[in-house]
Amino acid sequence: MVMWIVIAVVVLALVLLVAVTVPVVGRLSALQRAVLRLERRQGEATQLQEGAAELQETLAGLERRAETMQERLAVIQAGRGDQSGKHALPFGR
């Protein structure tokens with residue numbers, strides 16, 4: 001008789017343990033999916049940062065080219081001497 005009570009208590013404990021762990025396992029799979037989504041987004045963010053760095057380098061190059069062009073334009077305008085749009089050198093005269 002005592003043995004049946006012990007077996008019943010053990011079986012009841014196992015059933016209770018299974019009942020408690022099933023929802024936890026379900027949450028773990030949801031957490032795993034969330035982790036995968038976060039890892040994917042982290043990879044996307046890394047790619048965006050790399051793209052932004054490339055764009056920043058391109059912009060710096062364009063700024064250098066614009067400065068060079070402004071310097072050249074200033075030299076040309078200084079060589080003209082007037083604002084008529086004609087070059088000051090007497091080639092065509």
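**View 1. Surroundings of Thr21 in the predicted model.** Thr21 counts as partly exposed in this predicted structure, because its relative accessible area of 34% lies between the cut-offs of 20% for buried and 50% for exposed residues. The residue sits in helix 1, the element that covers residues 2–80. From this position, the side chain of Thr21 reaches back to the backbone oxygen of Val18, at a distance of 3.2 Å.

**View 2. Val10 and the nonpolar patch.** Val10, which is also found in helix 1, has a relative accessibility of 44% and is therefore classed as partly exposed. Together with Val2, Val6, Leu14 and Leu17, Val10 makes a nonpolar patch on the surface, with an area of about 470 Å².

**View 3. Helix 1 and the residue that follows.** Helix 1 is built from 79 residues, and the span from its first C-alpha to its last is 115 Å, which is close to the 117 Å expected at 1.5 Å a residue. Gly81 follows helix 1, and the phi angle of this glycine is positive, with a value near 85°.

**View 4. The protein as the setting for the close-ups.** The protein contains 1 helix and 0 strands, and the residues shown in the views on Thr21 and Val10 are placed in that helix. Of the 93 residues in the protein, 2% are buried. The accessible surface of the protein amounts to about 8700 Å², and carbon and sulfur atoms account for 66% of this area.

How values were computed:
Residues are numbered from 1 along each chain as its sequence is written. This is a predicted model: local features need pLDDT of at least 70, side-chain atom pairs count only at pLDDT 80 or more; totals for chains, interfaces and linings use all residues. Side-chain values use heavy atoms; hydrogens and water are left out. Helices (H or I, at least four residues) and strands (E, at least two) are DSSP runs, numbered from the N terminus. Buried means under 20% relative accessible area, exposed over 50%, partly exposed in between (1.4 Å probe, protein chains only). A polar contact is a pair of N or O atoms within 3.5 Å; within protein, one must be able to donate a hydrogen and the other to accept it, and residues adjacent in sequence count only if both atoms are side-chain atoms. Accessible areas come from the Shrake-Rupley method with a 1.4 Å probe; for residues, only the protein chains shown count as cover. Patches are made of residues with over 30% relative accessible area and no salt bridge: like charges are joined within 9 Å, nonpolar side chains (Val, Leu, Ile, Met, Phe, Trp, Tyr) within 5 Å. A salt bridge is a side-chain nitrogen of Lys or Arg within 4 Å of a carboxyl oxygen of Asp or Glu. The expected span of a helix is 1.5 Å times one less than its number of residues.
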